[in-house]
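This report describes selected charged pairs and strand arrangements in the model shown below. Please read it alongside the sequence and the structure.

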Amino acid sequence: MRYTFLRFSLFIMFMLVSLEANSEQSGLTYLNSIREKSGLIKLKSNKALQNAAASHARYLIQNQRNGHYETKGNEAYTGSTPSDRVIQAGYPSTFVMENVSINTLGQKKSIDNLFSAIYHRLVFLNFDTDEIGYGSSSTKKKRQVKQAYVYNMGTSGIAALCQKSFTLTNGTYYMRDNCKQSTKMVPQSLFEAAKDKVRSKNREIILYPYAEQTDIWPAFYNESPDPLPGYKVSGFPISVQFNPANYSHVRLKDFRLYDANGKEIKETKILQHNSDPNHILSELEFVLMPLKRLEFNTRYSAVFEGVADGTKVKKQWRFRTAKPEEKIYRVSENRTTLAVKAGSTALLYMVPVSRKDILHSYRSRGGIKASFMDQNTLRVTFPKRRSSGRVSLDFGKQKVFFDVE
């Protein structure tokens, strides 16, 4: 009996490890598909980066936190910063980047959400990185932070330099604080060459959404730090990045967005190095932020014009926003009545009337089941039987009544 139990336990453990590996590979495949279609190389999986990401995900769940930092003394602590944690996990270099997402339904959704947040998107679309580790953790308890996803990215060439020894010579510039041993001196020329080796494998200019991309969620809500202070809801950001292996200076001339009818979306804000409120964008990164939500299932065109190292550059491309399978009801009035089919499922899009108009909660009557798709959109399933009673959703100032047929 004991032998049989041991075999069963090992089988369960093998299944769990396999499921985790499949989940990690599935997420990496999805992220790499976006990078490749955008013009970037695939990221290779790295075990040490993966262990560091998994440990931080556990920390976020156990301590009910969000973000990139840990507090020494807390449960599951493995390092204050991403650099500390990757070193603790056995990665040789501190030259890493980290993305964190919480409370999303699945890894694919976590990646999509990070791509809608401009600073986090640029981490995923970085020209320097070529390897990654992913980790996740969750809880079934009623907690505020129920799911955490962490992505750590590094550069294999720089990690390799940290495993070598160098003899200091006159006339050579050295760098420190990039390796496990903070005093280790790495020749700056080799450090830059390691980055350029990765950069040179990528496309010269990266557009996102990439040309002819579909299924783009039309809204952007929040990010820390905030690229649009004062806005709680806006449209999906459009970005252009110039590869530092090919360009040293780019001057923006024009950046515009048009709808399917060729009408310009004029309510936008352009972010670049000298106008970024958080001073994160480099001189080679440009972002167009629509100040209002984009529409579902709509084709948009973007036009970028600039001067790169004295040469005119013009990029014009198209993309399409998401087309949900369910019927979409667009609600803009304070009191609305809709006729719906019994047992059907639909999306209820509560059109924001201002830059701060988002939904926080709702009350339902009549057996309606609802869940948030975003902070202005709900997926609603109606009762399976026709009802003579009141079936409604109450959002405070706005109320929606349903005639279930």
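## A salt bridge between two loops

In this predicted model, glutamate 267 is partly exposed, with a relative accessible area of 44%. Its side chain meets that of lysine 292 in a salt bridge, at 3.2 Å from N to O. Glutamate 267 belongs to the loop between β12 (250–258) and β13 (268–271), and lysine 292 to the loop between β14 (285–290) and β15 (299–308), so the pair ties together parts that are 25 residues apart in sequence.

Lysine 292 has a relative accessible area of 52% and is exposed. The cut-off for that class is over 50%, so lysine 292 counts as exposed, whereas glutamate 267, at 44%, counts as partly exposed.

## A buried pair and its network

Glutamate 70 forms a salt bridge with arginine 85, and their closest N and O atoms are 3.8 Å apart. Glutamate 70 lies in the loop between α2 (47–63) and α3 (82–88), while arginine 85 is in helix α3, so this salt bridge ties together parts that are 15 residues apart in sequence. Glutamate 70 and arginine 85 are both buried.

The pair also belongs to a network of salt bridges that links Glu70, Arg85 and Glu98. In general, side chains of opposite charge can pair when their charged atoms come close.

## A salt bridge within helix α7

Aspartate 196 and arginine 199 are joined by a salt bridge of 3.3 Å, N to O. Both residues lie in helix α7 (residues 188–199), where they are three residues apart, about one turn of the helix. Aspartate 196 is partly exposed at 34% relative accessibility, whereas arginine 199, with a relative accessible area of 12%, is buried.

The count of salt bridges comes to 16, and the pair in helix α7 is one of them.

## The four-stranded sheet and its helices

An open sheet of four strands follows the order β1-β3-β4-β2, and its pairing is mixed. β1 (44–45) and β2 (96–102) are the edge strands, each of which pairs on one side only. Two bridges join β1 to strand β3 (residues 131–138) in the parallel sense. Serine 45 has isoleucine 132 as its bridge partner in β3.

Helices lie across these strands. Helix α2 lies across β1, β2, β3 and β4 (147–154), and runs at about 25° to β3. Helix α4 (residues 107–116) lies across β2, β3 and β4, and its angle to β4 is about 65°.

## Strand β19 and its partners

How many of the six residues of strand β19 are buried? Five of the six residues in β19 (residues 345–350) are buried, so the strand is largely enclosed by the rest of the structure.

Strand β19 pairs with strand β17 (residues 327–331) in the parallel sense, over five bridges. Valine 331 has methionine 350 of β19 as its bridge partner. Strand β19 also pairs with strand β22 (residues 377–381), here in the antiparallel sense and over five bridges. Leucine 348 has leucine 378 of β22 as its bridge partner. Strands of a sheet pair through backbone hydrogen bonds, either parallel or antiparallel.

Methods:
Residues numbered from 1 in each chain as written. Predicted model: local features only at pLDDT ≥ 70, side-chain atom pairs only at ≥ 80, totals over all residues. Heavy atoms only, no water. Salt bridge = Lys/Arg side-chain N within 4 Å of Asp/Glu carboxyl O. Buried < 20%, exposed > 50% of the residue type's maximum accessible area, 1.4 Å probe, protein only. Pairing = 2+ DSSP bridges. Contact = heavy atoms within 4.5 Å. Axes fitted to C-alpha atoms, helices over the stretch in contact; angles between N-to-C directions.
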